[in-house]
Amino acid sequence: MSQLSQNLAAGEFVVTAEVAPPKGIDLAPVLATAEKLQGVTAVNVTDNQGANMRLCALVLAGELRRRGIEPVLQLTCRDRNRVALQSDLLGAAALGIENVLLLSGDHSKFGDHPDARPVFDLDAVQLLDVVAGLNRGVDMAGKPLAGTPRFFPGAAVNPAAEPFELVLQKVRKKVDGGARFFQTQAVFTRVELERLAAAVAPLNVPVLAGVLLVRSAKMARFLNSSIPGMCVPDEVVARLEQAADPLLEGVAIARETVGWARTFCQGVHLMTLGHDETIPEILR
Amino acid sequence: MIISEAKPLAELQEVLAPFGRLFLVGCAACATACKAGGEEEVFRFQEWMAGQGKETTGSVIIDEACHIQRAARDLRHHAQAVAAADALVVLACGSGVQSISSNTDKRVIGALNSLFLGNVRRFGQYEEMCSLCGDCILNETAGICPVTNCAKGLLNGPCGGMKAGRCEIDGELDCAWRLIFERLQRQQRPGVFARRVPPKAWSRRRKPGRHKIR
Ligand code: SF4
Ligand code: SF4
């Protein structure tokens, strides 16, 4: 059983972080970054995030695992059909990777290969069903597997999205499909987090609040205009704008979010984007 | 109907360069309706070719260029003009072009790009609402197709990119899942939200399609 699943089951407040595979083949810098991370239970490895082509997440997750760092492998439906997804999942299981975060994936048009054919052969709900099947020892075709994986599948939810009742419809499908934890997209307001936590509480699935370190007002505006589903509220942008030291302010904002998460959620997922040295401050 | 549009003239100029004498084919159905390959467009194309110093040996507007036998018959009726041409230029969708190319070994030049199966909002404004997936889910989705109208073709609800009910790929577009959700609410039924829709049987879409109605 993964440490993440054990800690969540034990009701501990869980902290996860995130690394991105390199654009290229040198893993040394990202592995060094990951090795320096402190106080985190598991580390997400992003999958061609934002539809930008990078080294295979599976390989980096495997390398983390070899170094005793527990990965959460992100897997999107954007770039692989059902055969490739199952094949990668079996590969992950063979490398001892148990935590998987199953996502639809940002549309190809946002990335650096906008002419790529988006796949979306499966959606995230269907992929959860597939993982549940693999955990029972059968693939999508009903064929038995030699050796049974023990995946701990998670899913994403955007607490800021409207209409929220529609978001919840999908949350319920994800829980029915076997999601064992939720990881939210970046959250910036207390009410959103409270609303989500209240809605998910009856489903008995732990929620990790997504906490994004926004380093400047400029970055906030970029997130709002260019990153799917991202919504940095005006008040937050204004705070960053007026701050003497925007990075410090960003850390303070992130720390507040962590505070709300301590009240409403079972943990946080920190996205510090290369400023991992701020993690102890954010968690203080 | 099939929505098509003219290829860029520069592209056509290049592909037509080796040919001096051409026979033109239009289509009286979709390509006429979307003003890409009707009588008028064929005439204008002929004028444009004349400006390029090329001769038109003849032309025909086929009733429905996608009808293979009808295309064969019309070409036979213009056998002389076709024979006199170095190549045929077809102002019809890709289907139409292939009705022609399956009836002659002469070079056949497609002059249009075929875009999608389109509904007509009003003249000149077409919307793609069905992508012919072969496994229709409309009855559960309140008559709104997520395969086509959701940018990702998701079958179980919206992605995390939906923002204020709009689609992540274009803030002007409504998220298809919001539209489905709202209409199902008005119809007071859970529809597609009552179950986890299994993965689509894309084998139904296996190419090339052949279908026989007995
Ligand atoms: S589900 Fe959509 S694409 Fe498939 S047949 Fe129905 S309307 Fe067409
Ligand atoms: S925002 Fe809605 S329509 Fe757009 S890709 Fe996501 S689910 Fe599909």
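This is a short selection tour of a predicted model, going from the two ligand sites in chain B to single residues in both chains.

**Chain B as a whole**

Begin by colouring chain B by domain: domain 1 covers 2-116 and domain 2 covers 134-205. Taken over C-alpha atoms, the centres of these two domains of chain B are 38 Å apart.

**Ligand 2**

Select ligand 2 next, which sits in the largest cavity. Then show its surroundings in chain B. The cysteines to pick are Cys150(B), Cys159(B), Cys167(B) and Cys175(B). Lys152(B), Arg166(B) and Glu168(B) are also around ligand 2, as are Ala151(B), Pro158(B), Met162(B), Ala176(B) and Trp177(B). By class, this shell holds nine nonpolar and three charged residues, with no polar ones. Which elements of chain B each supply at least two residues of the shell? They are strand S8 (166-167) and helix H8 (176-186).

**Arg178(B)**

Stay on helix H8 of chain B and select Arg178(B), which lies in it. Is Arg178(B) buried or exposed? Its relative accessible area is 15%, and buried means under 20%, so Arg178(B) is buried. Neighbours within four places in sequence aside, Arg178(B) is in contact with Ala164(B), Gly165(B) and Arg166(B). The list of contacts also includes two residues of chain A, Pro163(A) and Leu166(A). Arg166(B) is one of the residues around ligand 2 as well.

**Ligand 1**

Move to ligand 1 and show the residues around it, again in chain B. Cys130(B), Cys133(B), Cys136(B) and Cys145(B) are among them. The others to display are Ser131(B), Leu132(B), Ile137(B), Leu138(B), Val147(B) and Thr148(B). This shell divides into eight nonpolar and two polar residues, and none is charged.

**Ala217(A)**

Now switch to chain A and select Ala217(A), in helix H8 (residues 217-226). With a relative accessible area of 7%, against a limit of 20%, Ala217(A) is therefore buried. Leaving out neighbours within four places in sequence, its contacts are Val237(A), Leu240(A) and Glu241(A). Draw a C-alpha to C-alpha distance from Ala217(A) to Val237(A): it reads 5.1 Å, for a separation of 20 residues in sequence.

**Ala28(A)**

Last, select Ala28(A), in helix H2 (residues 28-36) of chain A. Its relative accessible area of 48% falls between the limits of 20% and 50%, so Ala28(A) is partly exposed. From Ala28(A) to Gln126(A) the C-alpha to C-alpha distance is 35 Å, and the two are 98 residues apart in sequence.

Note on methods: Residues are numbered from 1 along each chain as its sequence is written. Chains are lettered from A and ligands numbered from 1 in the order in which they are written. This is a predicted model: local features need pLDDT of at least 70, side-chain atom pairs count only at pLDDT 80 or more; totals for chains, interfaces and linings use all residues. Side-chain values use heavy atoms; hydrogens and water are left out. A residue is near a molecule or strand if one of its heavy atoms lies within 4 Å of it. On a 1 Å grid over the protein atoms alone, a cavity is a set of points where a 1.4 Å probe fits but cannot get out, and a pocket is an open set with protein on both sides within 12 Å along at least five of seven lines; lining residues have an atom within 4 Å of a point. A molecule sits in a cavity or pocket if more than half of its atoms lie within 2 Å of its grid points. Helices (H or I, at least four residues) and strands (E, at least two) are DSSP runs, numbered from the N terminus. Ala, Val, Leu, Ile, Met, Phe, Trp, Tyr, Cys and Pro count as nonpolar, Asp, Glu, Lys and Arg as charged, and the others, Gly among them, as polar. Buried means under 20% relative accessible area, exposed over 50%, partly exposed in between (1.4 Å probe, protein chains only). Contact means heavy atoms within 4.5 Å. Domain bounds come from an automatic or database domain assignment.
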